[in-house]
Amino acid sequence: MERWIGVRFRLLTGLAAIFALLGACSSVGAFEILDARIGAPKGPNAALYFTANGGDEDDRLLGARSTAASEVQIHQTTNDKDGTVGMRRVEGLDLPAGGTLMLEPGGFHMMLIDVERVGPGDEVDVTLVWENGGEWTIPAEVVDAADILDE
Ligand SMILES: [Cu+2]
């Protein structure tokens, strides 16, 4: 009897933990996406940043799309020797099992090309395409670009 209670309690605790996780972030199956945010665009393009925590298997982010943009590309911010800041397109980004992939200012970002007119407080759905994890649509909040750079 005591043992049965112990097992049942553990099961309930596990379920509670799973529901807490689901409520806190976009987490399906093995890995999770946190803190998805878009810098409010001042021109035709906008940058999306997020953190992805890997699951049991290696994965790779292959690309993305959004109904709010004509195209979504993976970019890396570059710094030339003369101090010029630019960016280049990247084919994909690895998310190792148990590892973390961070898209943040000065590093990697997803570039929303020809994005709709959106401003702080708006939410944009972006579908991320993973090699093993399939397609995930996540909501990304549009925030003031200055707030992102201040982080
Ligand atoms: Cu870019």
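How much space lies in the largest pocket? In this predicted model, the largest pocket holds about 360 Å³ of space, and its lining includes M111, a residue that also serves as one of the protein donors of the copper ion. The points below take up the copper site, the pocket and the surroundings of L128 in turn.

**Copper site**
- The copper ion has as its protein donors H75 through ND1, M87 through SD, H109 through NE2 and M111 through SD, and these lie 2.1 Å from it.
- The site of the copper ion is tetrahedral, with angles of 102 to 117 degrees among its 4 donor atoms; for four tetrahedral donors the ideal angle at a metal is 109.5 degrees.
- Along the sequence, the donor residues follow the spacing H-x11-M-x21-H-x1-M.
- H109 counts as buried because its relative accessibility is 4%, and M111, with a relative accessible area of 6%, is buried as well.

**Largest pocket**
- The lining of the largest pocket consists of 20 residues, and those nearest its centre are A47, Y49, M111, A145 and L149.
- Two or more lining residues come from each of β3 (46-53), β6 (85-89), β9 (108-113) and α2 (145-149).
- By class, the lining comprises 12 nonpolar, 7 polar and 1 charged residues.

**Surroundings of L128**
- L128 belongs to strand β10, which spans residues 123-130, and with a relative accessibility of 0% L128 counts as buried.
- Leaving aside neighbours within four places in sequence, L128 is in contact with I33, F50, L61, G63, A64, M110, G134, E135, W136 and I138.
- Although L128 and R65 are 63 residues apart in sequence, their C-alpha atoms are 6.8 Å apart in space.

Terms used. Residues numbered from 1 in each chain as written. Predicted model: local features only at pLDDT ≥ 70, side-chain atom pairs only at ≥ 80, totals over all residues. Heavy atoms only, no water. Donors = N, O, S within 2.8 Å, 3.2 Å for Na, K, Ca; no water. Tetrahedral: all angles 85-135°; square planar, octahedral: opposite > 155°, others 65-115°. Buried < 20%, exposed > 50% of the residue type's maximum accessible area, 1.4 Å probe, protein only. 1 Å grid on protein atoms, 1.4 Å probe; cavity = no way out; pocket = protein on both sides within 12 Å on 5 of 7 lines; lining within 4 Å. Points joined across faces, edges and corners; volume = space filled by probe spheres on them. Helix = DSSP H or I, 4+ residues; strand = E, 2+ residues; numbered from the N terminus. Nonpolar A, V, L, I, M, F, W, Y, C, P; charged D, E, K, R; others polar. Contact = heavy atoms within 4.5 Å.
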